[in-house]
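User: Could you take a close look at one part of this model for me, the second chain, and tell me how it is built and how it meets its partner? A friendly walk-through for someone at the bench would be ideal.

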Amino acid sequence: MKREDIMRILTEALRECAAAANTDELFSLEKRYLGRGKGAITSMLRTLKTVPVEERRALGPLVQKLQRDIQHAIEGRRIALRLDTDAPHTLDVTLPGISHPRGHLHPVTQFVRRIEEFFSHLGFDLADGPEVELERNNFDLLNIPKDHPARDMHDTFYIFQPRGKSPAEGEARHGRQKSRLPNGGQAKVSGNLLLRTHTSPVQLRAMESRRPPVRILSPGRVFRHEATDASHETTFTQVEGLVIDKGIRLTDLLGTLDRFFGEIFGAKIKTRFRPHYYPFVEPGLDVDMSCFFCKGTGCSVCKKSGWLEMCGAGMVHPKVLKNMRVDPARFTGFAFGFGVDRMVMIYYGIDDVRLLHSGNLKFLEQF
Amino acid sequence: MRLPLSWLKEHVSLSGLSPARIADVFTLSGSEVETVRASSAKQFDHMFVGEIRTIIQHPSADKLKITKVRVKKGRVRTIVCGAPNIKVGQKVPVALPGAVLPSGQIIEALPIRGVRSEGMLLSAKELGISDDHSGIYVLGNEVTAGETLGTALGMHDTVFELDITPNRGDCLSVRGLGRELSANTGKPMKRIAARVTDLTGRNVNALHVRVREPRLCTRYGAYYLRGVRVTESPQWLKNRLVQMGTRPINSVVDATNYVMYALGQPMHAFDAGKVEDGGSGARKTIIVRRAHKGEKLRTLDGEERMLKTSMLVIANRSRALAVAGVMGGSESAVTQKTKDIILEAAVFHPASVRRTSKQLGLASESSYRFERGVDPLSVEEALKTAAGLIITSGGEGAPTGTPIIVDAHAFVPATVRINFEHVRNLLGAEASDKKILGILRLLGFEAGQVHAGTAIVRVPSWRNDVRIEADVAEEVGRLLGYNRFKRTVPQGAIPPRHPHKMLEFVDSLKDGFVDERFIEVHTYSFYGDAHVQKSGMHTEGHLAVHNPMNPDQQYLRLSLLPRLFEAVQRNAQERDRVALFEIGTVFGETRGGRRELPQESLKCAAILGTKKGALVSTRENVFVLLRSGLIGALAHAGVPEASIKMEADAHLLGGSRGAVLRIGKQRAGVLGIASGGLARSWKLPEDTAFFECDVRAILAARMPRARYVPIPRTPDAKRDLAIVVSTKIPYEELQNALVNATSLLRSITLFDVYEGAKLGKGKRSLAFHLMFGHSERTLENKEVDSLLLEITRMLTQRFGAEIR
C-alpha cells in the first residue's frame, strides 16, 4: 500500500461522487467504498493491521483522512441532489400561509383591559353594578336634583315598572306621550327606574361596603336616549375611577390622567385641562388630549383645534362624599369618567360608532 | 349662546385681544367656544342698500311692479319686483348682477315680461337671515343708500358660539361673558350709560302688582309706559337680534329681547289695554298666582295650553295673561296698535319654571335663563334699559311712569367662609392668601377681614352657582389656570386589594371562547317585538322601555340570543362558518316595590353556524362542534366538563332540539340545534347551534386553581374497541358503565360514531380508544386482553352491544 495509491483512490472516488446522477448511484458508490464488509476503504483499514508498525503509523492517519473525505463528499453530493430535485419544482417560498380563522375579542373589551391594567398598577380595584338603576342613585345622590337643568346633560331611557305601586313624578312623564305596554294596556309610569346614564352609581354602591382610603375603577355599559348616527350611540361603555383618601389634591387628578393618556396613546400625547361643570364634582373639569391624528396642528377630526375632548373629571363634591358616608372635612377625593367607545374610535381610526354594536365580522376580525 | 364681537366690545375693553385669543380664554375658563364665525359679509358681495324712488305698474303683469332704485351715487337702476310691501322711500336690500344668494341663485340682468330688470330686491329669506318670505326685507331709515349690505346688516363681525354649562346662567348674556373675559384677562369692564332712560319723577303710579306666590316669584318688576309708539326697531338693533338668532318683531318686543341678550334678564311686554282697569279710577292690577284648575291660555305661538295648578301665571283680575317665565299669551301681546305697555322683569323660581316648561313641552330663551337662575339685581336696570330703547325707537310721545319692584324676599347676598389652607390643599396649588383674594375680587367677590387663615367672602348677585368653599376653590383654580399646575399622583398607601371574582372569570371565559375561534360581539341591550317573535320567545317577562325611539328598543333583553341570531344573519351570506359569542347583562322583571331593581343577570351565549356540506361526519355535527367549543372555553376558565350535565330536551327556543345544562341541580342554560322554524325566520345557515347560560351558575363550578395529579410512572396499554348498539342508549350510560367496569381503565376516548344502512335502523357504531394501566406495575398483555374481554362481555350483556 502506497501513499500514491491512497491519493489515486481519493481522486477516483471524488470524481465518481461528482458524477453520481441520483441517490441510488450515490448509495451504491458509498457501499463500494465505505461498505462494512467489502468496501474498499474498509478493506484497506483491515490490511493496515498487517503492515509493519512504523509504516502503519505513517499510513494510518492518511487512510482515516481518506475515509472522512469520501464520507463528506458523499454527504455533500446527497444534499446537492436533493436540492436539485426539490427546489425548482416544489418549494415556492412565496406562497401565502394557510389561514385558520381565529377568534377575536371585541375592540372595546381589548381597550377596557388596557385601561384596567394601567389603573391596576396604581392599586385600583374593579367594581360593578346594575345597568337598570334607581333615579335616586343615577341622579339625586350625585347632586343632580330633579328639575335641574343639569339633567339635560343626560338624555335618559326610562323603564316601566309593570307592577309598581304609586309611581313617582319623574322626568319621564314630562312632555311625553304615555307609552303602551305590550299587552295594550296603559301602564303606570314610575320615573324611578332608568337605564343608567353613567357608571357613577357604581361608586355609590361600592362605597356602601368600603371606607377610605379607596381606589375604584368601574367599567360598564351605559345608555343615552339619543338618535344614533355616525357619532352618537344609545349604548356605550364607560370607565369611571374614584379615589378617596386624606389629602387628595386636584393636582393628583391631573397627574394621574396625564400619565394615563400618555400610556394609552403614546408618550408624545399632551393633556390639557378645562374647567367644566359636572354636578357630582367641584371643581369639575374636562380633559383634552392633543389630537392623535394631526399631533395638535389641527385637522378635521379635532375641528382644527388640535385637541380632542376625552374625559370628564373633578374633585368629588362634598355632598356626594356625605352621601357615601364619608366626612368631607377629613377626606377629599377625585373622580373621572370616559367613554371607551370614543377612545377605541380614535385609537384605531374608526369613523362610525355604530360599527361597534353592528356584529359585523368584517369589522370585528380586524382587531 | 352666541356672542358677537362688536357687542362684547361695548361691555369690555378688548384692546390687544385677537378673536382667537378671546376664544381660547373662554374655552380654558369653562365656557367652551364651539365655533368662531369670522365676518360673514363676504356672502353679501354685490349687494347694496337701495332707496326706492318710484314704483309703477308693470305693463304686462298684474302682480309685478317696476321700481327705480337708487343704489349708488347718482345711479338709478330699474328693478322688477312682485312683493306686496314695497313703498317709495323705503331702504331695501338690492342684489346686483353677479351676486350669489345663500340659496345658490345667481343674479343676472334679465328681461322679466319684456322689462329688463337690473337686479333683485330681497326678502329676509332670500338674504338667509330668517325664513320670512312675505315681502321685501325693509331696512331701517338710518342706513344710507349705496352702503354695502354686509355693513348695513352688521355682518362685518366675528360671532362666537359658546357652550354654557347649566350652572352658569350668568354667562347667558353679553355682559356676563364680558365679566368672564374681564376677570380672566384683567381688561376693564365699560360702564354702559347710553340708552338707559330714567323716567323716575314722572310717576303716574297707575299700576298695582300683587305677588301671591312669593316662593315662586321672589322679585317682580313692572314698568307702566303710556303713550308709546310701537314701530320697527332701528336697523342696528334688528341686526343684533338676527345675529343672536331671533326674529325682529316690533320696537317693544325687540327691546325686551335685546335686554335679555345684553343683561341676561328675560323680559316680557304686555299690552296694558288688555290689563283692564278695576273700575273707574282704580289702578291696573297685575297678579302673580298659580293657574286655576282647568285654566287655559293661548300662548304667543298660537297654541291653546291647558294649565296645571302647579304652574305660575301672570294674570289680570279675571284671567291668565302669561305663563310666568315661559311665554306670554297672544291676547295681551304688543302689536302696532298698542298704545300703553307694561314691561315685566322678574325673578321666577328656577325649578318651577323648568317643571312648567317641561310639562307644557314649551321652551323659550326666557325659560332657558330662568331655569339656570337670573341676577336679582338686574331687574330694575333691565326695565329702564328696555324703556329707554322703546322711547328712542318710537321717536315721539312722552311715556310716563316709574318702575314698580315688588320684592317677596329682600335680596341678601350669599356669603361663604373660606379657609385659605383648605383651598390650597384641595387644589394642590401654591397661592398666597393675597393672590386668592385678588382673584376673587376680579370675579366680583367681596372679601371681609382675614382672620386666623379664614375669610368670609360675599358672592356677587349673579353667581348663584357659588355656595360652598369648594365652589370658591374652583373659581381660584380656574383663574390660576389648571394647565399651570404641577401634575402629581396620589401620595397615600395603596388600599388593600379585593379581586373581583366575577369580572376575572368573565375575562378568562372570553379568552376561552377566543381560543376556540369564536368572535366576541357586543349587541344592544334592547330589542323589539320582531326579535321576540322570530326567536320563538314571548314578550311576557320582559321589562319594557318607557320611551323607546324605535321599535327595536321596546324591551330590555331577557336573552342574548335574539340579537346574536340577528348578527349571524348579517354575516352568514359571506362565509361558511360563523362563530360568535357575547357575555352581557339580561333583565328580568322587578318584583314591584318602589325601590326594587329588576333581576339582572350576566349571560354568556354563543352561536355556531355552518353551511351544509362543511361538516364531514355524524360525529362532527354542529351540536357537537359547539359543545366542543363550549367545553374548551369552560376548561380555559377552569370549569371542568364533568361539572356540567346535559339533559336532552326537545322544546328549546322555537321547538329546537338539544339539551338543558345543569350544574348540580340548578338549571344553568341551554345548548341546542336551531329548529327549522328558527332557521327560517332568522335566515340562519343550514346547520346552526346555539348556547346560552348563566355566568354566575358556571362560576360556581369553577375550580379555583389547577390541581396537580401525579403523572403515572407505568406505561399505558392501549386497546381499540368498536361496538354497535341501539341509538336509544346515550353515550353517557356507556361511558359510565366502562368507567365502573374496572379501576384499571385510565381513559376512554370516543373516536368514531357511525350510523348507516349497513348497521340497520336504530343502530349505531361507536369506537373507543381505551387506555389501561396500573399505578404500581406494567400490565401484561394477557391481563389487558382479559380486561377487554370482560368489558365486551359486560357491554353485550347490559346493552346488547355487538362487537365489530
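Analyst: Happy to. Please keep in mind that this is a predicted model. Let's begin with charge. Chain B carries 111 positive and 85 negative charges, and the mean positions of the two sets lie 3 Å apart.

Next, the overall form. Chain B has a radius of gyration of 41 Å, whereas a compact globule of 804 residues would come out near 28 Å. Along the principal axes, the C-alpha atoms of chain B fill a box of roughly 130 × 90 × 60 Å. Its secondary structure consists of 21 helices and 37 strands.

What about the inside and the outside? Of the 804 residues in chain B, 54% are buried. Counting contacts in chain B with a separation of 6 or more, 69% join residues that are 24 or more positions apart. On the outside, chain B exposes about 36,400 Å², and carbon and sulfur atoms supply 50% of that area.

One residue gives a feel for the dimensions. Gly762(B) sits in the loop between strand S35 (745-754) and strand S36 (763-772) of chain B. Because its relative accessibility is 37%, and partly exposed covers the range between 20% and 50%, Gly762(B) counts as partly exposed. Setting aside neighbours within four places in sequence, Gly762(B) is in contact with Val725(B), Ser726(B) and Thr727(B). Val76(B), by contrast, is 686 residues away from Gly762(B) in sequence and 105 Å away in space, C-alpha to C-alpha.

Now to the partner. The size of an interface is often given as the accessible area lost when the parts come together. Chain A and chain B bury about 8,600 Å² between them, with 56% of it on carbon and sulfur atoms. On the chain A side, Asp147(A), Pro275(A) and Leu361(A) lose the most area to chain B, together 8% of what that side buries. The contact involves 108 residues from chain A and 91 residues from chain B.

While you have chain A on screen, a few backbone details there may be of interest. The peptide bond from Pro212(A) to Pro213(A) is cis, with omega near 5°, and Pro213(A) lies in the loop between helix H7 (200-207) and strand S4 (214-223). Another cis peptide bond runs from Glu282(A) to Pro283(A), with omega near -5°; Pro283(A) belongs to strand S7 (residues 281-290). Finally, Lys303(A) has a positive phi near 50° although it is not a glycine, and at 70% relative accessibility Lys303(A) counts as exposed.

How values were computed:
Residues numbered from 1 in each chain as written. Chains lettered and ligands numbered in written order. Predicted model: local features only at pLDDT ≥ 70, side-chain atom pairs only at ≥ 80, totals over all residues. Heavy atoms only, no water. Helix = DSSP H or I, 4+ residues; strand = E, 2+ residues; numbered from the N terminus. Rg over C-alpha atoms; globule rule 2.2 N^0.38 Å. Buried < 20%, exposed > 50% of the residue type's maximum accessible area, 1.4 Å probe, protein only. Contact = heavy atoms within 4.5 Å. Areas by Shrake-Rupley, 256 points an atom, 1.4 Å probe, with all protein chains shown as cover. Lys, Arg positive; Asp, Glu negative; His and termini not counted. Charge placed at Lys NZ, Arg CZ, Asp CG, Glu CD. Buried area = accessible area lost by both parts, 1.4 Å probe.
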